[in-house]
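The exercises below are to be worked with the sequence and the coordinates at hand. Each task is followed by a solution in steps.

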Amino acid sequence: MSTSNTSANSTRTVQRLAFIGTGNMNGAILRGILASGFDASNITATVRGTDKAARLADDTGVLALATHDNADANRRAVTDADVVFLGVKPVGIQDACRDIAGSLAPDTVVVSVAAAVTTAMIEAALPAGQPVVRSMPNTPLTVGQGVVALAGGTSASEADVAAVVTLFSGAGLVRVVAEDQLDAVSAVSGSGPAYVFYLAEAMAQAGERLGLDAGLSRDLARATVAGAGAMLDDPHADPSALRTAVTSPNGTTQAALEGFDAAGIPEGIASGARAAADRAAQITQELGG
């Protein structure tokens, strides 16, 4: 499959992809793109270790290169790529950019998956004019129900950003935002899956305190959160309306929700999200952004 995206003035066709690093997030993105029908033979990925490279190649059909065995693996991977996904940890992303800079075509779109690293920081480590798109994905990409926010850098055209939107769209909800909104996005959807898992843990613990077997309580909490999430997956779903629909006046659910309000849970969630956004901004400063 190739991907064509049209803006007002141009069309961008994506035929070859490169993945620099295939850890949890970049690996999830890779699998999501493959699931959408992209031809595995047109993808090159790098990974640490020969055994991991062999497993990745067997599992996905992509050309997998081991960076430990080949110092040029990353540069080889990006050669002739239309889009490059950087799955490098924030502290190493600028070094990775400098490493591949000389092997990129001028119009290759470089997509960052690293939190807190601005497009300006990435652009500074790449040739002038290199298109850069910063992404903020979350882990449900692994099951095709992720959320991805994208922000284009100074040299990324509408067609460049649209091409990246299309690549991600097979794995979940994709939205283009202003870059200064990405820390807030990270606090809601980037870290959000952990909030939901935290809720499921708390529900299971509550069931145990009420006398349920630990395994049964865990299963009830897990299946309930998953089922509610499936209901929210409807694009027209309104969380408030869904909550109201299962809250009978003066019933048990209303009593629980009033208990949550009294405990300050809404304020606690807002405080946690603010802390996440503030930490993202702090990391950016620590990295020199």
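The model is predicted.

**Exercise 1. Surroundings of Thr-253**

Task: Find which helix holds Thr-253, and determine what Thr-253 contacts outside its neighbours within four places in sequence.

Solution.
Step 1. Thr-253 belongs to helix H11, which covers residues 252-262.
Step 2. The relative accessible area of Thr-253 is 32%. Buried requires under 20% and exposed over 50%, so Thr-253 is classed as partly exposed.
Step 3. With neighbours within four places in sequence set aside, Thr-253 contacts Val-246 and Thr-247.
Step 4. One of these residues also offers a backbone atom: the side chain of Thr-253 lies 3.5 Å from the backbone oxygen of Val-246.
Step 5. As a distance check, take Gly-227, 26 residues from Thr-253 along the chain; the C-alpha atoms of the two are 17 Å apart.

**Exercise 2. A salt-bridge network**

Task: Trace the network of salt bridges that contains Arg-75, and state which helices the pair Arg-75 and Asp-99 connects.

Solution.
Step 1. The structure has 8 salt bridges in total.
Step 2. Asp-72 and Arg-75 form one of them, with 2.2 Å between the closest N and O atoms. Asp-72 has a relative accessibility of 40% and is partly exposed.
Step 3. Arg-75 also forms a salt bridge with Asp-99, at an N to O distance of 2.1 Å. Arg-75 lies in helix H3 (residues 73-78) and Asp-99 in helix H4 (residues 93-100), so this pair ties together parts 24 residues apart in sequence.
Step 4. Both ends of that pair are partly exposed: the relative accessible area is 25% for Arg-75 and 26% for Asp-99.
Step 5. Asp-72, Arg-75 and Asp-99 are therefore linked through salt bridges into a network, given that Arg-75 in H3 pairs with Asp-99 in H4.
Step 6. For contrast in placement, consider Asp-95 and Arg-98, whose salt bridge has its closest N and O atoms 3.0 Å apart. Both residues lie in H4, 3 residues apart, or about one turn of the helix. Asp-95 is exposed, with a relative accessible area of 51%.

**Exercise 3. Span and burial of H6**

Task: Compare the span of helix H6 with the expected value, and list the buried residues of H6.

Solution.
Step 1. H6 runs over residues 158-169, which makes 12 residues.
Step 2. The expected span is 1.5 Å times one less than the number of residues; for H6 this is given as 16 Å.
Step 3. From first to last C-alpha, H6 reaches 16 Å, close to expectation.
Step 4. The buried residues are Ala-159, Asp-160, Val-161, Ala-163, Val-164, Leu-167 and Phe-168.

**Exercise 4. The open sheet**

Task: Give the strand order of the open sheet, identify its edges, and describe the pairing of strand E7 with E6 and with E8.

Solution.
Step 1. The open sheet has 8 strands in the order E5-E4-E3-E6-E7-E8-E9-E10, and its pairing is mixed.
Step 2. Strands E5 (63-66) and E10 (172-176) each have a single partner strand, so they stand at the edges with one side lacking a neighbour in the sheet.
Step 3. On average, and with direction ignored, neighbouring strands are turned by 20° against each other.
Step 4. Helix H2 (residues 50-60) packs on the sheet, where it touches E4 (43-47) and E5, and its direction makes about 175° with that of E5. Helix H7 (residues 182-190) lies across E8 and E9 (146-152), at about 30° to E8.
Step 5. E6 (residues 83-86) runs parallel to E7 and is joined to it by 4 bridges. E7 (residues 109-112) and E8 (residues 132-137) are also parallel, with 3 bridges.
Step 6. Val-111 appears in both pairings: Val-111 is the bridge partner of Phe-85, and Val-111 stands opposite Val-133 in E8.
Step 7. Side chains in a regular strand alternate between the two faces of the sheet. In E7, Val-109 and Val-111 point one way, Val-110 and Ser-112 point the other way, and all are buried.

**Exercise 5. A loop residue after E7**

Task: Is Thr-118 buried or exposed, and which residues does Thr-118 touch beyond four places in sequence?

Solution.
Step 1. Thr-118 sits in the loop between E7 and helix H5 (119-124).
Step 2. The relative accessible area of Thr-118 is 18%. The limit for buried is under 20%, so Thr-118 is buried.
Step 3. Not counting residues up to four places away, Thr-118 touches Arg-134, Glu-179 and Thr-284.

How values were computed:
Residues are numbered from 1 along each chain as its sequence is written. This is a predicted model: local features need pLDDT of at least 70, side-chain atom pairs count only at pLDDT 80 or more; totals for chains, interfaces and linings use all residues. Side-chain values use heavy atoms; hydrogens and water are left out. Helices (H or I, at least four residues) and strands (E, at least two) are DSSP runs, numbered from the N terminus. Buried means under 20% relative accessible area, exposed over 50%, partly exposed in between (1.4 Å probe, protein chains only). Contact means heavy atoms within 4.5 Å. A polar contact is a pair of N or O atoms within 3.5 Å; within protein, one must be able to donate a hydrogen and the other to accept it, and residues adjacent in sequence count only if both atoms are side-chain atoms. A salt bridge is a side-chain nitrogen of Lys or Arg within 4 Å of a carboxyl oxygen of Asp or Glu. Two strands pair if DSSP finds at least two bridges between them. Axes are lines fitted to C-alpha atoms, for helices over the stretch in contact, and angles run from 0 to 180 degrees between N-to-C directions.
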